[in-house]
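Welcome! Please open the structure in your viewer and get ready to select a few things by number as we go.

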Amino acid sequence: MRIDILTLFPEMFSEVLSSSILGRAQANNLLTIHAWNIRDFAFDKHRTVDDIPYGGGAGMVLKPDVVVACIEHVKAINSGKVIYMTPQGSVFDQTKAQSLAQEANLIFLCGHYEGIDHRIREGWVDEEISIGDYVLTGGELPAMVVIDAIARLIPGVLGDQASAREDSFANGLLEYPHYTRPSQFRGRMVPEVLLSGNHELIRKWRLKEALRMTLVRRPDLLKKRQLNDEERQLLQQVLADDCNERR
Ligand code: ADE
């Protein structure tokens, strides 16, 4: 996948995107990321990128001529859709990450100040994404969040593809708890079934604990999801465990 980022702060991306798993994905040519400085596409000697809003009011607005020059330059290299990061976009989730991970090319446009001239959104933006109902100072951190969530779903990026499959949300449930050695730590034991070597029992235990975790922490996710027979049975057991504990 090739990702191009249009931003006034390209330096914000270098450390984050070149570290750890995303760094390795780029070294292995699974992912190419390039951050462009919108200011390089300004026309005047002061390299102006923004101007006061028509109609008055606080803040500055990114200029359409400069931003569109940048978009058109990048579009000649990257044919992907242009995604504008904004709190007004549709809220990002794992399903959206999975669908964007299928794309070969993507372009992220990061706004700053009061935003960008609305004509850019009408004419040159294909999609608008928000990372949640709060307002950040710019689209750079949101773009990093979205890129990280997408990149780890590209085949080969995670060492062990199973870990992406079993993720929280990958199957609509939160993940089961994880343990490693030692089996006893400060009086706390690892659940015995995990030491049993019985793969079927372990699979069932993990599914049950994923259901328990989801029921306790995100019951809204359970409501949205169809349960199969096994899951329904295990959920009944979770509820029965809960009743027994209360006695
Ligand atoms: N820019 C500022 N806040 C944002 C948010 N919550 N999501 C996406 N882009 C943003």
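This tour visits the ligand, some strands and a few single residues in turn.

Before you click anything, keep in mind that this is a predicted model.

**Stop 1: the ligand and its shell**

Select the ligand and show what surrounds it. Which residues are around the ligand? The list is Met85, Thr86, Pro87, Ile129, Ser130, Ile131, Gly132, Tyr134, Val135, Leu136, Gly138 and Pro142. Try colouring them by character: eight of the shell residues are nonpolar, four are polar and none is charged.

Now zoom in on the nitrogen atoms of the ligand. Pick isoleucine 131, where a polar backbone atom is 3.0 Å from a ligand nitrogen. Move on to tyrosine 134, which has a backbone N or O atom 2.8 Å from a nitrogen atom of the ligand. Then click leucine 136, whose polar backbone atom is 3.0 Å from a ligand nitrogen. How much of the ligand does the protein cover? On its own the ligand has 260 Å² of accessible area, and the protein covers 96% of that.

Next, highlight the strands that take part. Two elements, strand E5 (81–91) and strand E8 (127–130), each give two or more residues to the shell around the ligand. The one that gives the most is E5, with three residues.

**Stop 2: serine 130, a member of the shell**

Select serine 130, which you will find in strand E8 and which is also one of the residues around the ligand. Is serine 130 buried or exposed? It counts as buried, because its relative accessibility is 2%, and the cut-off for buried is under 20%.

Show the side chain of serine 130 and draw a distance to glycine 132: the side chain reaches the backbone nitrogen there at 3.0 Å. Then look at the contacts of serine 130 further along the sequence. Leaving out residues up to four places away, serine 130 touches Thr86, Pro87, Gly89, Ser90, Val91 and Phe92.

**Stop 3: glycine 89, across from serine 130**

One of those contacts is our next selection. Glycine 89 belongs to strand E5. With a relative accessibility of 15%, glycine 89 counts as buried too. Which residues does glycine 89 touch, if those up to four places away in sequence are not counted? They are Glu128, Ile129 and Ser130.

For a longer view, add glycine 115 to the selection. Glycine 89 and glycine 115 are 26 residues apart in sequence, and their C-alpha atoms are 13 Å apart in space.

**Stop 4: strand E1 and its partners**

Select residues 2–7, which form strand E1. Five of these six residues are buried, so E1 is largely enclosed by the rest of the structure.

Add residues 32–37 to see strand E2, which runs parallel to E1 and is joined to it by six bridges. To see a matching pair, click arginine 2 in your selection and look for threonine 32, which stands opposite in E2.

Now add residues 105–110, which make up strand E6: this strand also runs parallel to E1, with five bridges between them. Which residue of E6 is the bridge partner of leucine 6? That partner is leucine 109.

**Stop 5: alanine 101, in a loop**

Step back from E6 into the loop that links helix H4 (94–100) to it, and select alanine 101. Being in a loop does not put alanine 101 on show: at 14% relative accessibility, this residue counts as buried. Beyond its neighbours up to four places away in sequence, alanine 101 touches Met1, Ile150 and Leu153. Add isoleucine 154 as well: it is 53 residues from alanine 101 in sequence, yet the two C-alpha atoms are 6.1 Å apart in space.

**Stop 6: a sheet of three strands**

Look for the open sheet with strand order E3-E4-E7, whose pairing is mixed. Its edge strands are E3 (50–51) and E7 (115–116), each of which pairs on one side only. E3 and strand E4 (residues 61–62) run antiparallel and are joined by two bridges. Select aspartate 51 and find its bridge partner in E4, valine 61.

**Last stop: glutamate 231**

Finish in helix H10 (residues 229–246), where glutamate 231 lies. Glutamate 231 counts as buried, at 7% relative accessibility. Apart from residues up to four places away in sequence, glutamate 231 touches Leu207, Leu211, Arg225 and Gln226.

Key
Residues are numbered from 1 along each chain as its sequence is written. This is a predicted model: local features need pLDDT of at least 70, side-chain atom pairs count only at pLDDT 80 or more; totals for chains, interfaces and linings use all residues. Side-chain values use heavy atoms; hydrogens and water are left out. Two strands pair if DSSP finds at least two bridges between them. Helices (H or I, at least four residues) and strands (E, at least two) are DSSP runs, numbered from the N terminus. Buried means under 20% relative accessible area, exposed over 50%, partly exposed in between (1.4 Å probe, protein chains only). Contact means heavy atoms within 4.5 Å. A residue is near a molecule or strand if one of its heavy atoms lies within 4 Å of it. A polar contact is a pair of N or O atoms within 3.5 Å; within protein, one must be able to donate a hydrogen and the other to accept it, and residues adjacent in sequence count only if both atoms are side-chain atoms. Accessible areas come from the Shrake-Rupley method with a 1.4 Å probe; for residues, only the protein chains shown count as cover. Ala, Val, Leu, Ile, Met, Phe, Trp, Tyr, Cys and Pro count as nonpolar, Asp, Glu, Lys and Arg as charged, and the others, Gly among them, as polar.
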